Amino acid sequence: MEEKIRIAIQKSGRLSEDSLKLIKECGIQFNNGTGKLKSDSDNFPAEFLFLRDDDIPGYVADGVADIGIVGENVSVETNKPVHTVHKLGFSKCRLSLAVPRTVEYTGLQMFHNKNIATSYPRILSTYLQQEGIEAAIHEISGSVEIAPSIGLADAICDIVSSGSTLMSNGLKEVEVIFRSEAVLISSNTLSAAKQKILDQLLFRIKAVQAAKN
Ligand code: PRT
Ligand code: ZN
């Protein structure tokens, strides 16, 4: 049987449209019937899996998929054995520290001994360690921006794009700790045959990116 590479793509969300667009620009045809979990390609040795973005590093690490497209925030935060192969340039955002608007921000040392709510405890703790700040990190999986107003935390560390979510929750962005964009991730154990297909795909992706610059 001909070897195929399995590519995990976000089913629906901020990465989906541009991920599919990139695949198409690479000249890879596939039928993405709505609601489908899987799709084949007629002209490239690939199979597509449509998944929740949070599940993609795990599926790639387990070998259910070989490669995937996720936000760098997700690929850096995960403790799964996957690595970033290539930056894709879309779904750009930043991971930032934010405090209530009424707080006068005087610098990072303000976070000493404070409670910070986030869905990104690993990236945040690495950052705080580098900066020599000791703070308590409260991991929560969603609606991080309401944590200060309900008394759960003094500050938050969350994904920001336009900043309007922070603003409507009475918060202000005070430090950018990480800049993110969509990335292609791979398992650390690809077969030689799959690595060859990945190399072909990367060649096409780089050509698409070069044509845009
Ligand atoms: O359902 P599934 O689990 O697959 O999707 P999801 O809801 O977990 O993820 P999704 O689709 O929201 O985001 C996927 C990826 O897009 C993230 O991992 C980031 O890499 C990237 N991205 C880019 C963003 C944003 N921009 C963004 N604005 N992810 C989240 N947001 C959130 C932000 O946290 C805020 O709450 O969107 C809200 C609006 O942002 P503002 O600043 O524009 O108001
Ligand atoms: Zn998600």
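Select residues 115-118, which make up strand 7, together with residues 155-160, which make up strand 9: the two strands run parallel and are joined by three bridges. You are looking at a predicted model, so take your time and rotate freely as you go. Within this pair, find Ala117 and look across to strand 9, where Ile156 stands opposite.

**Growing the sheet**

Keep strand 9 on screen and add residues 93-100, which are strand 6. Strand 6 and strand 9 are antiparallel, with five bridges between them. Highlight Ala98 in strand 6: its bridge partner in strand 9 is Ile156. You have met Ile156 before, as the residue opposite Ala117. As a general point, strands of a sheet pair through backbone hydrogen bonds, either parallel or antiparallel.

Next, select strand 10. Eight bridges join strand 10 to strand 6, and the two run antiparallel. For a single pair to look at, pick Arg94 and then Arg179, its bridge partner in strand 10.

In what order do the strands of this open sheet lie? Reading across, the five strands go 8-7-9-6-10, and their pairing is mixed. Strand 8 (136-139) and strand 10 (171-180) each have a single partner strand, so one side of each has no neighbour in the sheet. From one strand to the next, the twist averages 25°.

**Two domains**

Now zoom out and colour the protein by domain: domain 1 covers 5-91 + 181-212, and domain 2 covers 93-180. The C-alpha centres of these two domains lie 30 Å apart. Where they touch, domain 1 contributes seven residues and domain 2 contributes eight. Which helix gives the most to the side of domain 1 that touches domain 2? Helix 3 does, with four residues. That side of domain 1 is made of one nonpolar, three polar and three charged residues.

**Around ligand 1**

Select ligand 1 and show what surrounds it. The shell has 21 residues, and the closest are Gly13, Gly71, Ser161, Ser162 and Thr165. By class, this shell has five nonpolar, eleven polar and five charged residues. Both domains take part, since domain 1 and domain 2 each supply at least three residues of the shell.

Try highlighting helix 3 (72-77), strand 9 and helix 5 (164-168): each provides at least two of the residues around ligand 1. Strand 9, where the tour began, gives the most, with three residues.

**The second sheet**

Move on to the other open sheet. Its six strands have the order 2-3-1-4-11-5, and the pairing is mixed. At the edges are strand 2 and strand 5 (82-87), each pairing on one side only. Here the twist averages 30° from one strand to the next.

Select strand 2 and strand 3 (residues 46-51), which pair in the antiparallel sense over three bridges. In this pair, Ser39 stands opposite Phe48 in strand 3. Then add helix 1, which packs on the sheet and touches strand 1 (5-10), strand 4 (67-71) and strand 11 (182-187). The direction of helix 1 makes about 145° with that of strand 1.

**A stop at Phe30**

Follow the chain into the loop between helix 1 (16-25) and strand 2 (38-40), where you will find Phe30. Is Phe30 buried, exposed or partly exposed? With 19 other C-beta atoms within 10 Å, Phe30 is partly exposed. Leaving aside neighbours within four places in sequence, Phe30 is in contact with Ser39, Asp40, Ser41 and Phe48. Ser39 and Phe48 are also the pair that stand opposite each other in strands 2 and 3. For a distance to check in your viewer, Phe30 and Ser16 are 14 residues apart in sequence and 14 Å apart in space, C-alpha to C-alpha.

**Two serines to finish**

Select Ser91, in the loop between strand 5 and strand 6. Ser91 has a positive phi of about 50°, although it is not a glycine. Ser91 counts as buried because it has 24 C-beta neighbours inside 10 Å.

Last, go to Ser143, in the loop between strand 8 and strand 9. Phi of Ser143 is also positive, near 50°, in a residue other than glycine. Ser143 is exposed, with 12 other C-beta atoms within 10 Å.

How values were computed: Residues numbered from 1 in each chain as written. Chains lettered and ligands numbered in written order. Predicted model: local features only at pLDDT ≥ 70, side-chain atom pairs only at ≥ 80, totals over all residues. Pairing = 2+ DSSP bridges. Axes fitted to C-alpha atoms, helices over the stretch in contact; angles between N-to-C directions. Near = placed C-beta within 6 Å. Nonpolar A, V, L, I, M, F, W, Y, C, P; charged D, E, K, R; others polar. Domains from an automatic or database assignment. Contact = placed C-beta atoms within 7 Å. Buried ≥ 20, exposed ≤ 12 C-beta atoms within 10 Å, placed from the backbone.
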